[in-house]
Amino acid sequence: MTILVIAEHDNSELKPATHNTIGAAGQLDGDVHLLVAGSGCASVAEQAAGIPGIAQVLHCDSVEYEHFLSENMSPLLVSMAGNYSHILAPATTFGKNVMPRAAALLDSQQISDISGIESNDTFVRPIYAGNAMATVKSNDSVKLLTVRITSFEAVAETGGSAEIVTVAAAGDSGLTAFAGADISKSERPELTSADIVVSGGRGMQSGENFPMLESIADKLGAAVGASRAAVDAGYVPNDYQVGQTGKVVAPNLYIAVGISGAIQHLAGMKDSKVIVAINKDEEAPIFQVADYGWVADLFEAVPQLDAALDAG
Amino acid sequence: MKILVPVKRVIDANVKVRVKSDQSGVELANIKMAMNPFCEIAVEAALRMREAGQADEVIVVSAGVSQCHETLRTGLAMGADRAILIEDDQDLEPLVVAKLLKAVCEREEPGLVLLGKQAIDGDNNQTGQMLSALLGWSNATFASSIEVNDDHFKVTRELDSGLESVTANRPSVITVDLRLNEPRYASLPNIMKAKKKPMDKLTAADLGVDSSPRLQVVKVEEPPARQAGIKVSSAEELVDKLRNEAKVI
Ligand SMILES: Cc1cc2nc3c(=O)[nH]c(=O)nc-3n(C[C@H](O)[C@H](O)[C@H](O)COP(=O)(O)OP(=O)(O)OC[C@H]3O[C@@H](n4cnc5c(N)ncnc54)[C@H](O)[C@@H]3O)c2cc1C
Ligand SMILES: Nc1ncnc2c1ncn2[C@@H]1O[C@H](COP(=O)(O)O)[C@@H](O)[C@H]1O
């Protein structure tokens, strides 16, 4: 058996989610190949070749993959699938977009967001916002899986020297075209791979109050996240949303500020190692999952926390 | 342009889900059901297009047990013109639903299929992408805005990295995200009117689709529970605990 992992990257470097997905692939029996499809992405293929445990890097470089459009990526995957028992991608917006289109073309029932691997055909995944865990078995000849990246350890980035093989492109479908992007730029760590996350909710009252959290985040080397309510209200951009239908995070420390702890929010952060909640309502459900709860008005508590972090 | 909106009947988002003691699934008996919230957003988007003169008919379609007719009535009460119920008692997987919807698209020839990005029961996030593949149509997922143009849709997509916009050729399959709109509530007069709107009934056999599941559910269990910890009462105490007890900063 050979396993194919689809690398997530931006044509200049691999995204951390790729390393966790390779970590998951390593729990299956067989060699692991990594597909780097993009445009002008030779440096990504080089980087990929350094990952220990990768038997082969498949490098497919062509302009139709520049923006990873699913209509172009899926025929490429279909053309390669015959060689593989499993195809894995991270359960990020990249993998969620591309993988099901390929699965339908391969007539395979994809298994989304796996958080555990029992065997080569049996997988565990959260359903109902993580209120239940389903164990499912697939008999499809090629199994397509998206991987909950917080559930699998990332592999090392360097130390290996895999062979890089060039793969022919599969053509441009012409069905969709990229028309622009508004990428959030931040000096802070990426939300899904940060060691510490500081998130704000509706209790923050406005986007103008988020710098309070950013100041703490910068002292802790943390990423900043938010609840859906804070995103819907326009305090912060959509890519801050943590939860069932946003990003899943599992940092060493998650600090929830002015967040009530709705089930849909918990779905995205309850696997964090340590949870801190600051909320003025002692009945808030977030306290049921918090290791350290502080019942306080955040507009007093957050500046005090900021000062206490300075105090060494 | 005709718009097809597939809507799923799911456990209401506010209900606390319980796992069955025999581990065969989650408890569905006497549980409040509702239209999947993302599907409500899709219905709303379709209605707004019709109201803007960009579409002339909105058809809601649901696949599942006979009670899905309630979900379809909700869609009709919001303002959809007619409904199609594909009645089937099996647990319908996304690939099956996509095959059923493909067959409906071949009959109805819509110019746009609007789906939710995700159903909040299975959290699969697959059906729209699969349908687009089977039809060979363009696909834009996670839409936070949709502009209708003569030969294409311009769609803003919510990504992990921010926002992206794409142009998708018509016809297209678009899946919607939370920020696209705020769905309307059905008014009482519209709920009454909805009872008279047409609802066709089909089966998987009528559509030539084998609806049996591919995946075998081995078991469904409760997730590991998290215990509440302690309360702190000052910033100094919190920082001390995080440094010296939890050792995470
Ligand atoms: C289909 C669907 C998908 C969803 N997906 C997500 C998702 O991915 N992520 C997500 O987060 N939510 C999601 N939700 C929404 C979720 O149900 C909640 O509505 C949301 O998480 C609430 O956000 P919040 O806690 O910030 O706001 P609220 O519930 O309004 O809570 C605000 C909290 O702030 C506290 N507060 C207010 N002022 C202060 C103050 N001065 N000091 C201290 N505390 C204060 C209040 O006591 C309260 O507990 C989804 C919902 C649906 C239906
Ligand atoms: N049984 C169904 N009947 C109608 N539409 C469905 C059904 N299952 C899924 N869908 C559609 O597909 C979307 C995504 O569902 P899923 O892929 O299951 O997460 C939903 O929001 C619906 O629009």
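1. Setting aside neighbours up to four places along the chain, Ile6(A) is in contact with Leu34(A), Leu35(A), Met73(A), Leu77(A), Ile87(A), Leu88(A), Ala89(A), Pro90(A), Phe94(A) and Met99(A). Please keep in mind that the model is predicted.

2. Ile6(A) belongs to the largest nonpolar core, which has 52 residues. Three members of this core touch the most other members: Ile6(A), Leu35(A) and Ile87(A). Leu35(A) and Ile87(A) are also among the contacts of Ile6(A). The element that gives the most to this core is in chain B: helix 3, residues 94-108, with nine residues.

3. There is a second core, separate from the one above, with 43 residues. Its members include Leu69(A) from chain A, and Val10(B), Leu47(B) and Leu112(B) from chain B.

4. Leu69(A) turns up again around Thr176(A). Thr176(A) sits in strand 11 of chain A, residues 176-183. Is Thr176(A) buried or exposed? Its relative accessible area is 8%, and buried means under 20%, so Thr176(A) counts as buried.

5. Not counting residues up to four places away in sequence, Thr176(A) touches Leu69(A) and Glu71(A) in chain A, and Ser138(B), Asn139(B), Thr167(B) and Ala168(B) in chain B. With Glu71(A) there is a polar contact between the two side chains, at 3.1 Å.

6. Where does ligand 1 lie? Its place is between chains A and B. Around ligand 1 there are 28 residues, and those that come nearest are Arg202(A), Ser227(A), Gln241(A), Ser260(A) and Asn279(A). Sorted by class, this shell holds 10 nonpolar, 13 polar and five charged residues.

7. Four helices each supply at least two residues of the shell around ligand 1. Chain A provides helix 6 (228-232), helix 7 (263-266) and helix 8 (298-310), while chain B provides helix 1 (37-51).

8. Some atom pairs at ligand 1 can be listed individually. Arg202(A) places a polar side-chain atom 2.6 Å from an oxygen atom of the ligand. At Gly258(A), a polar backbone atom is 3.0 Å from an oxygen atom of ligand 1. At Leu298(A), a polar backbone atom is 2.8 Å from a nitrogen atom of ligand 1. Ligand 1 exposes 990 Å² when taken alone, and the protein buries 84% of that.

9. Ligand 2 is surrounded by 17 residues, of which Pro6(B), Ala63(B), Ala119(B), Asn125(B) and Thr127(B) are the closest. By class, the shell of ligand 2 has eight nonpolar, eight polar and one charged residues.

10. Which strands of chain B each supply at least two residues of the shell around ligand 2? They are strand 4 (57-64) and strand 6 (112-116). Strand 4 of chain B gives the most to this shell, with three residues.

11. Both side-chain and backbone atoms appear in the pairs at ligand 2. A polar side-chain atom of Asn36(B) is 3.1 Å from an oxygen atom of ligand 2. For Ala63(B), a backbone N or O atom lies 2.8 Å from a nitrogen atom of ligand 2. For Ala119(B), a backbone N or O atom lies 2.7 Å from an oxygen atom of ligand 2. Taken alone, ligand 2 exposes 480 Å², and the protein buries 98% of that area.

Definitions and conventions
Residues are numbered from 1 along each chain as its sequence is written. Chains are lettered from A and ligands numbered from 1 in the order in which they are written. This is a predicted model: local features need pLDDT of at least 70, side-chain atom pairs count only at pLDDT 80 or more; totals for chains, interfaces and linings use all residues. Side-chain values use heavy atoms; hydrogens and water are left out. A residue is near a molecule or strand if one of its heavy atoms lies within 4 Å of it. A polar contact is a pair of N or O atoms within 3.5 Å; within protein, one must be able to donate a hydrogen and the other to accept it, and residues adjacent in sequence count only if both atoms are side-chain atoms. Accessible areas come from the Shrake-Rupley method with a 1.4 Å probe; for residues, only the protein chains shown count as cover. Ala, Val, Leu, Ile, Met, Phe, Trp, Tyr, Cys and Pro count as nonpolar, Asp, Glu, Lys and Arg as charged, and the others, Gly among them, as polar. A nonpolar core is a set of buried Ala, Val, Leu, Ile, Met, Phe, Trp, Tyr and Cys residues joined through side-chain atoms within 4.5 Å. Buried means under 20% relative accessible area, exposed over 50%, partly exposed in between (1.4 Å probe, protein chains only). Contact means heavy atoms within 4.5 Å.
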